Amino acid sequence: MMNTKKLKIALQKSGRLSEESHKLLKKCGISFSNGLGKLRTEATNFPLEIFFLRDDDIPEYVADGVADVGIVGENIIFEDERNVETIEKLGFGKCRLSLAVPKNFDYETVQNFEGKRIATTYPNILRTFFAKKNVNTDIHTISGSVEIAPSIGLADAVCDLVSSGSTLFTNGLREVEIVLNSEAVLIANNNLDETAQKLLEKLLFRIKAVNAAKQNKYILLNAPNEKLNEITEILPGMKSPTVMPLAEKGWSSVHSVINENDFWEVVESLKKKGAEGILVLSIDQMIQ
Ligand code: PRT
Ligand code: ZN
């Protein structure tokens with residue numbers, strides 16, 4: 001009989017992680033329709049069943065085995081410690097969980113929180129943080145709009161997720177301590193059966209290829225032959241750069257892969273060494 005087992009993945013239905021999660025699967029070559037209001041769907045070209053859920057519920061679904069794997073922010077995993085395994089950091093949904101105080105709060109060290117009321121949606125993470133620092137605080141757990149708590153007299157400070165910082169700023173708050181850095185991660189159930197494990201490995205292979213590609217660019221350029229040595233030295237490539245003769249005598253075409261972080265510096269030094277016609281392309285997948 002044909003094996004029809006599918007890997008079950010839980011994604012955020014709508015919110016800050018949903019678009020990037022969908023994009024990631026699509027870049028892994030997995031097609032599915034995600035019509036509005038749908039709670040589950042099946043991929044058309046990979047044995048994958050997709051559940052669309054609230055992010056807070058994803059760890060529980062994965063721990064219970066209703067889903068095999070899921071994509072969720074590390075902040076959720078650390079707050080509600082469930083029996084799930086973190087498989088891979090995904091590089092999106094980056095944010096930090098930070099303590100912030102009103103502008104008139106005289107803040108110097110974390111000791112200044114002693115005896116203060118702090119509003120947060122992340123009481124467990126925060127309690128552990130203060131316990132490690134030996135600071136006693138009064139933690140108020142609220143489920144949303146944490147940033148307004150000081151102005152309505154509910155708290156002296158807040159602990160909330162921050163990305164651009166504009167929410168804190170518009171509420172007259174100043175970020176003073178980072179409690180946790182977070183990004184989206186792939187989590188998995190601890191007791192996957194062999195088929196699910198195999199499918200997860202297949203998916204993970206693709207995710208790694210997509211994420212490796214994101215950090216790299218493909219570069220093509222023309223170089224005068226007498227400068228080839230100097231130019232190829234700047235371009236390590238995956239193994240070493242590809243060099244091919246151009247139709248025009250005395251010139252070669254050089255192809256290579258460069259890291260996005262070094263990108264501008266590499267391009268500048270290439271130009272200085274006499275490279276011309278530099279083209280830079282993004283890479284969809286990179287298998288190392
Ligand atoms: O409906 P559901 O429960 O699924 O969604 P949600 O509203 O609980 O979560 P959502 O979509 O807001 O966030 C999902 C995940 O995205 C979080 O668990 C984090 O891992 C990640 N993430 C990344 C963020 C932010 N950045 C972020 N900035 N989650 C929330 N925020 C909020 C923050 O709480 C604050 O209200 O954005 C505001 C601050 O943003 P800045 O840019 O003004 O600093
Ligand atoms: Zn949520």
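## Helix α4

On one side of α4, Ala131 and Lys132 are exposed. Keep in mind that this is a predicted model. The helix covers residues 123–133, and its buried set is made up of Pro123, Ile125, Leu126, Phe129 and Phe130. Look down the axis of α4 and those buried residues fall within an arc of 160°, so they line one face of the helix. That fits the usual geometry: with 3.6 residues a turn, residues three or four places apart in an α-helix point the same way.

What sits over that face? The cover on the buried residues of α4 includes one helix, α3 (74–79), along with the strands β6 (95–102), β7 (117–120), β8 (138–141), β9 (157–162) and β10 (173–182). After α4 comes Asn134, with a positive phi near 60°.

## Helix α8

Now for α8, residues 263–272, where Phe263, Val266, Val267 and Leu270 are the buried ones. Down the axis of α8 they stay within an arc of 95°, so here too the buried residues line one face of the helix. Over on the other side, Trp264, Glu265, Glu268 and Lys272 are exposed.

The buried residues of α8 pack against α7 (228–234) and against three strands: β12 (216–224), β14 (251–259) and β15 (276–282). Just past the end of α8, Gly274 has a positive phi of about 105°.

## The four-stranded sheet

The strands that α8 packs against, β12, β14 and β15, belong to an open sheet of four strands, ordered β13-β14-β12-β15 and paired antiparallel. At the edges are β13 (242–245) and β15, each pairing on one side only. Direction ignored, neighbouring strands in this sheet are turned by 20° against each other on average.

Zoom in on β12 and β15: they run antiparallel and are joined by five bridges. As an example, Asn222 has Glu276 in β15 as its bridge partner.

## The zinc site

Which residues supply the protein donors of the zinc ion (ligand 2)? They are Asp55 and Asp56, each through OD, at 2.0 to 2.1 Å from the ion. Going by relative accessibility, Asp55 counts as buried because its 19% is under the 20% cut-off. Asp56, at 36%, counts as partly exposed.

The zinc ion (ligand 2) has four donor atoms, and the angles among them run from 74 to 174°, which makes the site irregular. For reference, the ideal angle for four tetrahedral donors at a metal is 109.5 degrees.

Conventions:
Residues are numbered from 1 along each chain as its sequence is written. Chains are lettered from A and ligands numbered from 1 in the order in which they are written. This is a predicted model: local features need pLDDT of at least 70, side-chain atom pairs count only at pLDDT 80 or more; totals for chains, interfaces and linings use all residues. Side-chain values use heavy atoms; hydrogens and water are left out. Buried means under 20% relative accessible area, exposed over 50%, partly exposed in between (1.4 Å probe, protein chains only). Helices (H or I, at least four residues) and strands (E, at least two) are DSSP runs, numbered from the N terminus. The arc is that of the directions from the helix axis to the C-beta atoms. Contact means heavy atoms within 4.5 Å. Donors are N, O and S atoms within 2.8 Å of the metal (3.2 Å for Na, K and Ca); water is not among the atoms, so sites may look incomplete. Four donors count as tetrahedral if all angles lie between 85 and 135 degrees; four count as square planar and six as octahedral if opposite donors are over 155 degrees apart and all others between 65 and 115; anything else is irregular. Two strands pair if DSSP finds at least two bridges between them. Axes are lines fitted to C-alpha atoms, for helices over the stretch in contact, and angles run from 0 to 180 degrees between N-to-C directions.
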